[in-house]
Amino acid sequence: MINFIIKRLLIAIPTMFSIVLLVFLLVHATPGNPFDSEKALSPEVMKQLLHQYHLDLPLWKQFFLYVNDLLHGNLGVSYKFIGQSINSLIFPDNMGGFWVTLRLASYSMVITVPLGIVIGCYSGLNRNSWFDRIIVASNMIFSAIPTIVTGPLMVLIFAVTMGVLPASGWGDGGFQNLCLPVLALTLAYLPTVTVVTRGSIIDVLNSNFIRTARSKGLPTSKIIFKHAIRPTLIPVLSLLGPMFAGVLVGAIVTEQVFALPGLGILTTNGATNRDYNLVLGITIFGSFLMIIFNFLVDIVYFFLDPKIKQ
Amino acid sequence: MSSAVSEVLKSPKTNGFWQGAFIRFSHNRLSMVSLVFILLLAFLCIVVPFLSSYNYATPDFANSLVSPGMTHFFGSDGLGRDLFVRSFIGGRITFEIAFAATLVVLLIGVLYGSIAGFMGGYIDAIMMRVVDILYGIPFLFFSILLLTLFGQSLILSFVAVAAISWLDMARVVRGQTLSLRHKEFVEAAHVCGVGNWQIIIRHIIPNLIGVVIVYAALVVPNMIVLSAVLSFFGLGVMEPMTSWGLLISDGSQNMNSWWLLLFPALLMTSTLLAFAFVANGLRDALDPR
């Protein structure tokens, strides 16, 4: 167990370091500096600015300082939101930034994963029934339509035409404001979970140990809940790592569609203001989240799948 | 000897793999209809902007926000521009970006994957570590970062999209190459003294075409979605030029004129579905099990 975790960490840490190095070099290798685009500054002011943000140091020193800051959990300062650290922009004291994204992503994951597993299992257990056919067809359709289409269409139907829900905005972050965004995000990822679960349970039900259980005369409910569930869930679990990354990005797109004040708006603000450090910080933070989540999934995998332990 | 058997004996060759695949595909009605739909739409995207009496860029403030009807089939937008023409010129741009990006993805993915898979050993290990590392970067942030750094341009927006999407392609191709590497015909070529490059180009890549085609049919709709997402973030195509993503984004900010959202959304959705069905048909046709 300990060995396994250490092995995983040995992979995760260099990966993270390489990402930081790559993105950092990309940002700093581009010509010009973040203050070029503004109205012409006098050379003294420019020099002062560059000095203040350590941009006059050699690149390797800048990188060293940046990594040092990162190790202390500090993503640096924003070049454009004067005097604000990027940490305080990503994790503001009030609702906003990452908190909005996190809430959106976790609500929809909490709905998507169990619902997808239940629907997928039911559909796979009753293969070729009318329910199964409807599920397969709608999976096909909904996995083809992106959030940027379903989101606005839902707003058109529920908010503009029927007028039952607010069209956009965070409001007080209550049910009414979150209903459509969470639904849009759920629709985007439910098909994946359902398809994988359905395929997985069909495979499991055809395997020898289930046939043995059947031939011993175990009742169906016992076969399913005692024997079939665990191996069914393993492929679903391995899906969750990449899916988390997808949901994170999907949440940001959803925020953009519904005008929610999350990481998405922050990134776009950073992009339009050419605030490199902000976009850099958010990218690194996003990569960090993905690596952490994949790491956690690997560990849960270790407990679920006996094959890894050998 | 019955006539059927003698027929078979007389015929000098049997149906090849590609012929069989084509027949299997053409028997799949949904896929064929989808393929025809895509071709028709692509044709309209080329032709409509030439034939229509409206220009996609010229504002006509007297006729702003006209509902769909005989004068403007899809209605007109806030500046009085005809949405029908704009939808199809937007479709043209969307297709262009998607196909160009897919081409880049194919080129990089196939070369990278086949080299890694064929070389094996530490070269493979290093190349795949690079892919793993790039996988760790959330693509949307990365594209926004690229577009922030290099400014906005049409070419860049598809390069950004393609630069992240070749990873899956490389993995798929590598897997396939690994299974081909020790086949007899490759070893035979090796024994005959054919160089690595020649083997990759002459023997490995032609045998990857089936997998690559199936995968490419999945990449195109992904590229359409990605470029649309980027235009939702205000990155990518700039006014007065337009794309489906930009049209949908505009439409979602102008909900009281429902047609601004509905028509581009319908066009894009039907295209994405058609591509999904075509990909399905291709997989069944090229990968018979």
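Guide: A residue is buried if 20 or more other C-beta atoms lie within 10 Å of its own. Keep that in mind as we walk through this one, which is a predicted model.

Visitor: Fine. What share of chain B is buried, then?

Guide: Of the 289 residues in chain B, 44% are buried. For the overall dimensions, take the C-alpha trace of chain B along its principal axes: about 75 × 60 × 25 Å.

Visitor: And which secondary structure elements make up chain B?

Guide: Chain B has eleven helices and zero strands. Read from the N terminus, the order is simply α-α-α-α-α-α-α-α-α-α-α.

Visitor: How do I read sequence separation in the contacts of chain B?

Guide: Leave out pairs that sit too close along the chain, then ask how far apart the rest are. Among contacts in chain B between residues at least 6 apart in sequence, 69% join residues at least 24 apart.

Visitor: Let's turn to the interface. How many residues of each chain are in contact?

Guide: You'll find 36 residues of chain B in contact with 40 residues of chain A. On the chain B side, the elements giving two or more residues are helix 5 (121-135), helix 6 (139-150), helix 9 (196-232), helix 10 (244-252) and helix 11 (258-286). Helix 6 of chain B gives the most, with ten residues.

Visitor: What is the chemistry of that side of chain B?

Guide: Sort its residues by type and you get 27 nonpolar, eight polar and one charged.

Visitor: Now a helix pair inside chain A. At what angle do helix 1 and helix 3 of chain A pack?

Guide: For a pair like this, look at the angle and the axis distance together. Helix 1 (residues 2-29) and helix 3 (residues 59-71) of chain A pack at about 130°, and their axes are 11 Å apart. Because of that angle, helix 1 of chain A is oblique to helix 3 of chain A.

Visitor: Is that crossing left-handed or right-handed?

Guide: The crossing of helix 1 and helix 3 of chain A is right-handed. From helix 1 of chain A, A:Val20, A:Phe24 and A:His28 take part, meeting A:Leu59, A:Gln62, A:Phe63, A:Tyr66, A:Val67 and A:Leu70 of helix 3 of chain A. Seven residues of this contact are nonpolar, two are polar and none is charged.

Visitor: One more: how many residues of helix 9 of chain A are buried?

Guide: Zero of the eight residues in helix 9 (residues 208-215) of chain A, so to speak a hardly covered helix. Look just past helix 9 of chain A, too: A:Gly217 follows, and its phi is positive, near 90°.

Conventions: Residues numbered from 1 in each chain as written. Chains lettered and ligands numbered in written order. Predicted model: local features only at pLDDT ≥ 70, side-chain atom pairs only at ≥ 80, totals over all residues. Axes fitted to C-alpha atoms, helices over the stretch in contact; angles between N-to-C directions. Helix = DSSP H or I, 4+ residues; strand = E, 2+ residues; numbered from the N terminus. Parallel < 35°, antiparallel > 145°, perpendicular 65-115°, else oblique. Left-handed = near helix turned anticlockwise from the far one by under 90°. Contact = placed C-beta atoms within 7 Å. Nonpolar A, V, L, I, M, F, W, Y, C, P; charged D, E, K, R; others polar. Buried ≥ 20, exposed ≤ 12 C-beta atoms within 10 Å, placed from the backbone.
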